[in-house]
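Opening the notebook on a new model today. I'll jot down what I look up as I go.

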Amino acid sequence: MSYEDNLKHLAQAFGIATDYLAITGETVEATGDTLLQLLRAMGVDLPTDPTEADLAQALESKHLTSASRPLPASIVGVEGTEIGFVAHVHDGAEAKVRIELEDGSTREVYQDENWTPPTEVDSVMWGEASFHVPGNLPRGYHRVVLESEGVEASAHLIITPARLSTTDRFLNDRRFGVMAQLYSVRSEGSWGIGDFHDLGELAATLHREIGADFLLINPLHAAEPFPPIEDSPYLPTSRRFVNPLYLRVEDTAEFAALPEATRTAIAALSEEFKARNRDPEKIDRNPIYSAKLDVLRDIFADGLPAHRDEQLDAYLDSHGESLTAFARWCAQQEIDHLWSNTRHASPPSLDELTRFYVWLQFLCDEQLAAAQATALDAGMEIGVITDLAVGVHPCGADAATMAELLVHDASVGAPPDPYNELGQDWSQPPWNPHALAEVGYRPWRKMIADALHHSGGIRVDHVLGLFRLFWMPRFEPPSSGTYVYYDFEAMVGILALEAERAGAIVIGEDLGTFEPWVQDVLASRGILGTSVLWFESSPDGSGPRRPHEYRRQALSAVGTHDLPPTAGYLDGEHIRLRTELGLLHRSAEAEFDEDLRHQNAVFARIQQAGLFDGDLAEADFSTAQRETRGELGDLLVGLHRYIAATPSALTVTNLVDLVGDVRIQNQPGTNGEQYANWRIPLCDTEGNPVLIEDLPGCSLLHRVGEASKR
């Protein structure tokens with residue numbers, strides 16, 4: 001084979017795509033340099049300037065490693081289906097294989113014919129034997145054990161559900177809910193930012209006022225352990241743990257046990273931040289988090305009551321080494337970056353600080369449990385649905401404590417397309433698919449289990465990443481990237497298994513470029529997709545999708561957090577902002593005209609369905625026509641009636657639409673210096689802050705809420 005052929009075969013052997021289909025329909029070839037850099041990033045030993053012989057040797061080395069590996073790292077199957085696998089033992093030796101189930105019992109495996117010739121590896125002849133496991137194994141995490149002459153090995157055996165059953169009940173008994181950015185939703189008791197107490201109260205209020213059955217929120221993943229902290233909930237330091245910024249100090253058992261004078265002093269401190277609840281300006285997390293941390297440090301330093309110490313020990317024991325590693329990383333960051341600048345004070349010990357950060361996670365766990373209990377006690381069917389980000393900060397806790405499972409010399413993003421000609425670099429180091437298999441996908445399954453511990457469901461951002469992710473060599477542009485494939489049977493199957501065990505639903509955000517079979521796989525496994533009104537086109541090519549053409553197995557909505565609130569979208573807020581920021585590649589007038597045509601096509605569909613009574617002039621597509629379509633409330637009602645008329649199992653209304661907010665929460669392609677992404681508090685159409693206590697008196701909430709009901 002030629003140099004190029006050897007390189008392509010080597011890349012494909014490690015799951016790296018040598019080309020991909022762009023959104024334009026064109027085939028993009030990955031360059032040789034890209035393939036080499038990604039191979040090295042994945043751990044393949046290659047010289048700086050490999051020759052054809054070097055590549056051939058790397059291919060042969062991979063073959064010999066596979067031929068002398070007693071068992072695969074992980075064997076993943078679906079319940080009710082037999083699974084085949086191969087074992088390698090010394091040629092001529094007997095291979096004894098058994099299954100050890102999760103409950104401690106054992107089961108037999110069955111050997112199949114295999115006439116593969118033996119392979120010599122380091123002067124030892126290795127033979128191959130084929131086996132299969134029965135199709136009646138229970139779901140769960142088991143092991144395959146091999147014993148042979150001079151060889152003992154085991155492999156992870158994971159049996160996943162054929163189909164997640166938790167969403168099936170909604171296919172014919174549909175539900176609607178609300179999505180909100182928790183940080184933006186405040187109450188009279190908030191410290192200037194939404195918190196866990198607000199989460200429960202918001203859920204209860206929405207069920208009581210408009211009958212919502214779930215509340216979908218932004219990721220609550222842990223940010224940096226102390227200020228300054230990242231604003232974006234989609235670039236966390238850890239996806240396994242929770243952000244203590246959302247703690248309500250007054251709801252902790254430790255606060256209740258404080259002397260009255262101390263509680264009074266803390267109340268006085270909090271008044272400064274509670275005053276910000278009526279401020280429409282962007283939220284500044286740093287001073288809020290600093291104040292909360294100062295109070296929590298003082299409480300912890302005074303010592304916990306004996307029973308709370310015991311509860312903390314039990315919590316730590318139940319969460320194991322991963323929690324200790326995370327808390328120790330946080331503690332070391334504090335010592336290195338906070339105490340190193342303090343000349344006149346000695347830092348606490350590493351162990352003491354580690355326990356403090358464990359305690360913060362313990363408090364988060366308690367308050368999240370209380371929020372979900374409040375939602376369910378109020379009558380919600382599902383309660384809180386949490387959100388899972390795509391990845392983590394390259395310099396964060398997960399990147400450090402799970403270093404062997406992440407590819408640090410690569411970054412995740414999106415390829416160039418007509419909407420973003422440069423592509424996107426999200427800076428997040430991706431999972432190493434081969435390293436994940438070696439550890440039986442334990443970090444992935446624990447991450448899902450923890451996320452579902454106190455929620456009724458999970459939304460997986462960019463669920464297509466469980467099939468393939470767009471990698472680029474770190475510090476290289478997205479145009480240099482290509483896709484890397486994952487074992488979706490393992491990633492999707494484990495997601496379904498953990499959700500089944502938790503009795504939770506799963507929603508996959510499947511917007512973007514993908515191969516059609518991907519949605520078929522997700523649907524067959526009982527995972528809901530995502531449909532957004534503005535992005536949906538009719539299968540017959542005649543314009544916007546009609547209600548009956550929407551997927552049944554989906555969460556459908558008018559908008560998403562990457563679009564303006566609907567009131568702002570209808571008024572062209574997204575075009576004005578991009579014009580101000582210099583992000584448009586053509587004139588604002590052309591953008592406005594095209595946008596208005598599309599909006600009017602959607603409203604024409606709504607009118608055809610008998611769900612909108614506004615006036616849509618067909619000839620005039622000027623910006624001024626926006627004023628002729630009717631009152632804002634009527635427009636919002638029509639749009640939400642349309643989504644409610646779809647057969648989708650779940651529909652969701654954005655909280656900002658229930659109050660008529662107009663400002664954009666996140667403008668893709670910008671940073672915090674360009675726009676205040678993820679820092680916009682909930683306000684009404686006139687820009688007045690709206691607190692949870694204000695919601696019952698909001699007439700628009702009731703109008704749009706009523707239109708959203710199924």
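**Loops and odd backbone spots**

I started with Pro-228, which sits in the loop between β14 (221-222) and β15 (238-242). Worth keeping in mind that I'm working with a predicted model here. What kind of peptide bond joins Pro-227 and Pro-228? I found a cis one, with omega at about 0°. I flagged it since most peptide bonds are trans.

Next I went through the phi angles. Asp-122 has a positive phi, near 50°, and is not a glycine. Its neighbour in my notes, Ser-123, also isn't a glycine and has a positive phi of about 70°. Both got a mark from me because most residues other than glycine have a negative phi.

Where is Asp-122? I placed Asp-122 in the loop between β8 (119-121) and β9 (124-133), and Ser-123 lies in the loop between β8 and β9 too. Buried or exposed, I wondered about Asp-122. The relative accessible area of Asp-122 is 73%, so I wrote down exposed. Ser-123 comes out at 67% relative accessibility and therefore counts as exposed as well, the cut-off for that being over 50%.

**A buried valine**

Then I checked Val-518, which I found in helix α14 (residues 516-524). Val-518 has 5% relative accessibility, so I logged it as buried; the cut-off is under 20%. I also took a C-alpha distance from Val-518 to Val-145: 33 Å, with the two positions 373 residues apart along the chain.

**Helix pair α8 and α9**

How do helix α8 (residues 306-337) and helix α9 (residues 350-378) pack? I got an angle of about 120° and axes 6 Å apart. Angles over 145 degrees count as roughly antiparallel and 65 to 115 as roughly perpendicular, so α8 and α9 go down as oblique to each other. The crossing of α8 past α9 is right-handed. Sorting the residues in the contact of α8 with α9 by class, I noted 16 nonpolar, five polar and nine charged.

**Domains**

Last, the domain layout. I have the protein chain divided into domain 1 (3-67), domain 2 (70-160) and domain 3 (191-378). How far apart are the centres of domain 2 and domain 3? Over C-alpha atoms, I get 46 Å.

I looked at the UniProt record too. An unreviewed entry there annotates residues 71-161 as "domain: MalQ N-terminal beta-sandwich". In the model, I read that span as 63% strand and 0% helix. The end C-alpha atoms of residues 71-161 are 23 Å apart.

Notes
Residues numbered from 1 in each chain as written. Predicted model: local features only at pLDDT ≥ 70, side-chain atom pairs only at ≥ 80, totals over all residues. Heavy atoms only, no water. Axes fitted to C-alpha atoms, helices over the stretch in contact; angles between N-to-C directions. Helix = DSSP H or I, 4+ residues; strand = E, 2+ residues; numbered from the N terminus. Parallel < 35°, antiparallel > 145°, perpendicular 65-115°, else oblique. Left-handed = near helix turned anticlockwise from the far one by under 90°. Nonpolar A, V, L, I, M, F, W, Y, C, P; charged D, E, K, R; others polar. UniProt positions renumbered as here; feature names shortened; annotations may be inferred. Domains from an automatic or database assignment. Buried < 20%, exposed > 50% of the residue type's maximum accessible area, 1.4 Å probe, protein only.
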